[in-house]
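Got your viewer open and a selection tool ready? Let's walk through this one stop by stop.

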Amino acid sequence: MLDPTDWQAFRLLGHCILDELIDAMEGVREQPTWQAVPDGVKDHFDAPLPCEPQALDDVYREFTETILPYPTGNIHPRFFGWVHGGGTPAGALADFMAATMNSNLGGREHAAVYVERQVVRWFCELFGFTAQGSGILLAGTSIANFAGILVAKTACLGTATRSTGLRQDDRRLTGYASSATHACVRKAFEMAGLGSASLRVIATDESQRIRIKDLRLAIARDRADGFTPFLIVGNAGTVDTGAIDPLVQLANIARDERLWFHVDGAFGAAAFLSKRLRPLLEGIELAASIAFDFHKWFHVPYDAACLIVRDAQLHRQTFSSEGPYITRTDHGLASGNPWFADFGPDLSRGFRALKVWLTLKHFGTNRIADAIEMNCNQARLLASMVEADDDLELAAKVHLNVVCFRSKRTDNDALAAAVQDSGRAVVSATTVNGARALRACFTNHRTRDEDVRELFAAVKAFSGSV
Ligand SMILES: *Cc1c(COP(=O)(O)O)cnc(C)c1O
């Protein structure tokens with residue numbers, strides 16, 4: 001009843017939409033990187049819930065006038081803010097293909113499930129997990145870290161607390177991560193019911209990497225005080241500076257102390273595709289679980305991330321789900337055991353695996369690795385320009401693809417906002433070693449060296465005036 005009454009008219013409009021959106025993607029370089037949403041446009045979104053139908057082309061026109069011109073900007077080649085992926089036109093088509101099938105990957109027996117299983121297997125193999133490994137695609141690394149921490153809890157406490165809750169267990173769990181760790185790990189401790197106070201924040205060295213000595217001391221102190229250490233979270237690319245913790249040492253400590261070793265590789269894990277960069281991540285293959293985003297440095301459109309777990313059984317024990325309405329059978333559509341619903345929090349799950357699968361097949365890991373190496377070179381280019389400048393200075397070591405730098409003369413938050421407002425480029429700001437700094441993150445395959453120079457010129461243009 002909701003399908004088009006006139007398929008031919010729908011087809012024509014569909015082709016027109018496809019053409020216009022392909023034009024928009026092709027011409028993105030000519031657009032401002034970002035522009036504020038005008039108040040008059042915002043007013044549009046105050047309209048009430050629509051009860052009456054409206055022609056599809058009218059709604060589409062509204063989209064092109066009020067939504068399309070005011071994006072985050074992350075598909076633009078001069079977007080360097082936070083850690084955003086640029087996606088690809090091929091990935092956008094994959095999203096459309098997936099939407100036409102509208103598959104539900106909570107489980108059951110259909111081809112889409114095999115696509116996701118294949119993607120998971122590729123990454124279990126890439127990171128040296130054996131055939132016993134498992135994994136699942138999730139909305140982002142925030143939720144993938146959360147899921148990994150829940151599996152770590154199962155490894156320590158068993159499955160009893162799934163029903164009893166944590167208060168029925170005497171053990172007070174503690175986890176460990178550096179002060180440079182993403183805030184989602186703290187949030188994960190909160191959501192897991194462990195409490196963020198149970199996450200021991202370990203200081204970093206001058207290169208923003210976890211201090212191993214402090215970590216050992218903290219674990220020993222907690223044991224002496226009657227706590228139960230259960231988890232170390234290592235960073236493969238911290239959000240602020242791209243620092244990589246000494247993963248081999250963390251793995252060794254986790255092994256000696258019998259702790260779960262989880263790696264947050266949100267963007268950094270992608271560097272594993274590059275033979276040149278892979279040595280930087282040495283030790284990631286020793287993790288018990290790894291969380292990483294496809295929507296950042298793998299250039300898959302939002303949203304797509306992955307959790308892989310070395311021990312599939314623990315993974316499944318953490319999330320296995322049941323109910324009379326999801327009884328599994330030996331054959332028919334209700335077969336296909338195990339279901340993805342047994343490996344994560346969601347029952348209904350979209351076909352995000354298709355855009356990952358298509359992106360990997362279409363570009364191959366070698367081209368993705370080339371784009372990653374290019375971004376690291378661009379980060380070094382910007383760093384060298386900053387170092388040669390009298391008014392700017394590097395605020396942190398450049399480990400990978402992130403450059404933190406600051407103007408010695410201006411408020412760096414105001415400077416970031418001025419550059420954003422100009423539409424010439426987007427940088428964000430953060431705190432490094434106690435002081436605010438600009439932060440340029442290179443995760444965009446569209447960026448050219450000339451864009452790096454334009455970013456630098458924009459920063460210079462405003463650094464005297466804000
Ligand atoms: C982006 C990021 C996250 C959070 O991932 P989302 O996909 O935004 O949920 C976690 N850790 C690091 C290091 C990140 O860069």
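What follows is a tour of a predicted model, going from the ligand to the pockets and then to a few backbone spots.

**Stop 1: the ligand**

Select the ligand and show the residues around it. Which of them come nearest? Of the 14 residues in that shell, the ones to pick are S142, D264, D293, H295 and K296. Colour the shell by class and you should get 5 nonpolar, 6 polar and 3 charged residues.

Now turn on the side chains of D264, D293 and H295. Start at D264, where a side-chain N or O atom is 2.7 Å from a nitrogen atom of the ligand. Move on to D293: here the partner is an oxygen atom of the ligand, 2.8 Å from an N or O atom in the side chain. Then go to H295, which has a polar side-chain atom 2.9 Å from an oxygen atom of the ligand. On its own the ligand has 380 Å² of accessible area, and the protein covers 86% of that.

**Stop 2: the pocket around the ligand**

Keep the ligand on screen and add a surface. The space that the ligand takes up is the second largest pocket, with a volume of about 430 Å³. To find the middle, select W82, V83, H182, V239 and K296, which are the closest to the centre among the 26 lining residues. You've met K296 already, as one of the residues that come nearest the ligand.

Which elements give two or more residues to this lining? Highlight α6 (141–157), α8 (183–191) and β10 (428–432). By class, the lining of this second largest pocket splits into 9 nonpolar, 12 polar and 5 charged residues.

**Stop 3: the largest pocket**

Next, hop over to the largest pocket, which has a volume of about 1,600 Å³. It has 45 lining residues, and L21, M25, F63, L68 and A92 are the closest to its centre, so to speak your landmarks here. Select α1 (7–26), α3 (56–66) and α4 (89–101) to see the elements that give two or more residues to the lining. Which one gives the largest share? That's α1, with 12 residues. Colour this lining by class and you'll find 26 nonpolar, 15 polar and 4 charged residues.

**Stop 4: backbone oddities**

Hide the surfaces and show the backbone. What is the geometry of the peptide bond from Y302 to D303, cis or trans? It is cis, with omega near -15°. For orientation, D303 is in the loop between β6 (289–293) and β7 (305–309).

Then zoom to N337 and P338, where the peptide bond joining the two is cis as well, with omega near -10°. You'll find P338 in the loop between α11 (312–319) and α12 (353–387).

Last up is R108. This residue is not a glycine, yet its phi is positive, at about 80°. Look for R108 in the loop that runs between α4 and α5 (111–126). If α4 rings a bell, it was one of the elements lining the largest pocket.

Definitions and conventions:
Residues numbered from 1 in each chain as written. Predicted model: local features only at pLDDT ≥ 70, side-chain atom pairs only at ≥ 80, totals over all residues. Heavy atoms only, no water. Near = heavy atom within 4 Å. Polar contact = N/O pair within 3.5 Å; in protein donor to acceptor, adjacent residues only side chain to side chain. Areas by Shrake-Rupley, 256 points an atom, 1.4 Å probe, with all protein chains shown as cover. 1 Å grid on protein atoms, 1.4 Å probe; cavity = no way out; pocket = protein on both sides within 12 Å on 5 of 7 lines; lining within 4 Å. Sits in = over half its atoms within 2 Å of the grid points. Nonpolar A, V, L, I, M, F, W, Y, C, P; charged D, E, K, R; others polar. Points joined across faces, edges and corners; volume = space filled by probe spheres on them. Helix = DSSP H or I, 4+ residues; strand = E, 2+ residues; numbered from the N terminus.
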